[in-house]
Amino acid sequence: MLVSRRVVGMNSAMDDINLLQQRHHLVVREIGEEIDLEIGPGDDDPSFANTPLMGVPPREPSAEEQEEHKQLLMAAQNQNEEQEVPKTQPTKKKKKVVKRWREEWADTYKWAYVDVKEGTARIFCSVCREYGRKHRRNPYGNEGSRNMQMSALEEHNNSLLHKEALRLQMASKDKIITIADKPIYVKALMSKTAGSIVEAVLRRDPHEVEFIQSVQEAVHSLERVIAKNTRYIHILERLLEPERMIVFRVPWVDDRGETHVNRGFRVQFSQVLGPCRGGLRYHPSMNLSTAKFLGFEQTLKNALSPYKLGGAGGGSDFDPKGKSENEIMRFCQSYMDELYRYLGPDQDLPAEDMGVGPREMGYLFGQYRRLAGHFQGSFTGPRIFWSGSSLRTEATGYGLVFFAQIMLAEMNKELKGLRCVVSGCGKIAMHVLEKLLAYGAVPITVSDSKGYLVDEDGFDYVKISLLRDIKAHQRSLRDYSKTYARSKYYDEAKPWNERCDVAFPCAAQNEIDQSDAVNLVNSGCRILIEGSNMPCTPEAIDVLRKANVLVAPAKAAGAGGVAAGELELNHECNLMHWSPEDFETKLQDVMKQTYQKAIKAATDFGYQKESPEALVHGATIAAFLTLAQGMTDQGCV
């Protein structure tokens with residue numbers, strides 16, 4: 001079922017409740033009587049201050065009363081016009097804002113309410129909860145007299161202070177809605193126990209949509225494990241809470257000398273199996289929910305690999321796009337100023353992710369080395385003279401293609417001649433294109449945030465070089481068509497409706513929704529290799545499963561990056577540099593071990609080897625059992 005959860009803060013909810021209550025307890029008099037809506041303390045209408053609050057709901061005046069009131073107003077106006085005030089005796093006449101209490105008053109003045117302050121009825125601003133001169137139009141000056149009369153709505157609209165308060169309030173609300181309006185798709189779980197685990201996470205972290213989705217997928221895969229041995233219930237409950245969550249501010253100075261502040265995250269999810277390894281992501285959408293989701297996925301991915309590693313994830317809402325080299329360097333150094341105390345080769349070493357490449361990792365490591373005072377270990381990722389393996393950045397992309405080849409080999413097929421669609425145009429996507437060409441496949445698409453590029457003739461090494469140059473200069477993929485006229489760029493579209501045999505989503509999480517999955521099925525796709533973490537929504541996974549599309553989860557297919565990082569760290573002390581051939585051989589062995597481990601776990605718990613669910617569930621089961629054993633041995637249960 002589809003449960004849409006809107007995030008509404010407790011303070012905002014109480015404010016709305018109070019406002020509704022106050023709207024139904026307004027100051028009223030006899031119907032049709034004119035009253036003075038006084039903002040500040042004054043002496044124009046002394047009786048107004050002593051008017052008791054009444055719970056009598058207002059009614060609409062009759063036609064006769066309206067006509068009578070109209071005649072009285074016209075008579076009063078004529079009388080004022082006949083009176084002549086001598087110019088030698090100027091008098092300052094105070095203006096009154098006269099309103100009739102009507103049923104729609106509360107709707108008209110939705111930013112104001114009536115309350116009693118020190119025995120006096122006052123009109124308050126719903127934003128600041130203040131009245132009178134405390135709520136003046138110009139908070140930094142003395143505009144207006146002490147007894148200035150104006151309606152509450154006009155007072156609010158003309159207030160610079162509360163325009164800013166309202167802007168901040170709406171900005172915060174919009175930001176929350178952007179996250180909360182994403183539907184949380186709750187799978188129909190077979191057991192009440194599994195459902196209770198997901199419900200506990202929903203109650204504890206209702207705003208963390210990405211993390212909740214990741215948890216649901218994991219619990220869904222572990223249902224048979226929980227049913228077989230109930231002791232795993234408590235282990236899973238403890239595993240779903242990170243060991244350590246670090247949130248910190250990152251101040252930095254741009255090239256104009258202006259100071260900016262971003263927020264940094266690092267979630268060290270589990271160190272049961274060893275020191276943490278996990279990526280850093282610099283992207284405006286980065287938040288604690290994403291950091292937890294990345295850390296959780298990395299924990300399972302590392303547990304599935306042949307190496308004993310913990311999992312972590314993190315980053316910042318800093319956007320490196322459009323920033324100069326110096327600005328990026330200053331930000332990375334400021335980021336490391338806070339995080340370095342939680343890092344180390346035996347504690348946690350970060351790796352690359354979206355927005356963080358060899359350049360950023362170099363800046364981060366340089367600052368870490370200066371602060372730590374030693375050259376112990378290195379961060380996984382940079383390809384400069386102090387790095388380890390020679391193919392570190394290619395490992396994840398190459399590993400995806402190796403994994404696809406292993407799956408096809410089990411079906412007595414190969415990649416040669418198969419049409420492949422690839423999303424994204426970053427490191428992973430480019431390396432996927434390279435290795436697909438090496439296997440004789442025909443990659444036809446890449447994409448960015450604005451749309452996707454399709455070349456029906458397929459990309460070759462010269463075309464890939466052009467794509468790299470386009471992205472290096474931060475140009476649009478649309479420029480590719482200027483050189484190759486047969487290609488076409490589609491704005492605001494995804495490549496999943498292109499005819500294909502294998503799909504490689506390498507852009508971001510949830511890039512394939514239900515309609516995209518339907519397009520993939522209709523386009524002839526039979527295998528999907530997840531290059532990015534959690535690229536498919538739960539609804540999309542259901543569509544692919546029903547269509548018998550084989551899905552290789554990122555925690556299994558993306559193990560190449562884990563392997564390369566660990567090989568790099570294990571051999572850096574000896575200054576060993578792997579040759580490309582040796583490294584690819586090692587990487588293929590790791591991918592084969594990961595595949596076999598996932599398939600064995602799936603068959604042990606009753607999934608058919610040919611089932612489209614086998615790899616998805618088997619990878620999670622194998623990783624969880626490894627973590628559960630470690631937690632049991634260490635008394636973490």
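In strand β11, Asp348 is the bridge partner of Cys276, and this pairing belongs to a predicted model. Strand β9, which spans residues 276-282, runs parallel to β11, and the two are joined over four bridges. Both strands belong to an open sheet of five strands with mixed pairing, in the order β7-β8-β10-β9-β11. The chain around this sheet has 637 residues, of which buried residues make up 50%, and its secondary structure comprises 23 helices and 19 strands.

**The mixed sheet and its helices**

- The edges of the mixed sheet are formed by β7, covering residues 244-253, and by β11, covering residues 348-351, and each of these strands pairs on one side only.
- From one strand to the next, the twist of this sheet averages 25°.
- Helix α11, made of residues 288-304, packs on the sheet and touches β7, β8 (259-270), β9 and β10 (310-316), while its direction makes about 150° with that of β10.
- Helix α12, made of residues 325-339, also packs on the sheet and touches β7, β8, β9 and β10, and its direction makes about 140° with that of β7.

**Val247 in an edge strand**

- Val247 is a residue of strand β7, which is one of the two edge strands of the mixed sheet.
- With a relative accessible area of 45%, Val247 counts as partly exposed, because this value falls between the 20% under which a residue is buried and the 50% over which a residue is exposed.
- Leaving aside neighbours within four places in sequence, the residues in contact with Val247 are Arg263, Gly264, Phe265 and Leu288.
- Phe265 stands 18 residues from Val247 along the chain, and the C-alpha atoms of these two residues are separated by 4.7 Å.

**The parallel sheet**

- Another open sheet of five strands has parallel pairing, and its strands follow the order β13-β12-β17-β18-β19.
- The edge positions of this sheet are held by β13 (442-443) and β19 (550-552), and each has a single partner strand, so one side of each is left without a neighbour in the sheet.
- Strand β12, which covers residues 419-422, pairs with β13 in the parallel sense over two bridges, and within this pairing Cys420 has Pro443 of β13 as its bridge partner.

**Cavities**

- Four cavities of 30 Å³ or more are found in the structure, and the largest cavity contains about 310 Å³ of space.
- The largest cavity is lined by 22 residues, and those closest to its centre are Glu217, Ser221, Ile541, Val616 and His617.
- Three elements, α8 (209-221), α19 (538-546) and α23 (614-633), give two or more residues to this lining, and α8 gives the most, with five residues.
- Sorted by class, the lining of the largest cavity consists of nine nonpolar, five polar and eight charged residues.

**Contacts across the chain**

- Among the contacts in the chain with a separation of 6 or more, 69% are accounted for by residues 24 or more positions apart.

Definitions and conventions. Residues are numbered from 1 along each chain as its sequence is written. This is a predicted model: local features need pLDDT of at least 70, side-chain atom pairs count only at pLDDT 80 or more; totals for chains, interfaces and linings use all residues. Side-chain values use heavy atoms; hydrogens and water are left out. Two strands pair if DSSP finds at least two bridges between them. Axes are lines fitted to C-alpha atoms, for helices over the stretch in contact, and angles run from 0 to 180 degrees between N-to-C directions. Contact means heavy atoms within 4.5 Å. Buried means under 20% relative accessible area, exposed over 50%, partly exposed in between (1.4 Å probe, protein chains only). On a 1 Å grid over the protein atoms alone, a cavity is a set of points where a 1.4 Å probe fits but cannot get out, and a pocket is an open set with protein on both sides within 12 Å along at least five of seven lines; lining residues have an atom within 4 Å of a point. Grid points are joined across faces, edges and corners, and a volume is the space filled by probe spheres set on the points. Ala, Val, Leu, Ile, Met, Phe, Trp, Tyr, Cys and Pro count as nonpolar, Asp, Glu, Lys and Arg as charged, and the others, Gly among them, as polar.
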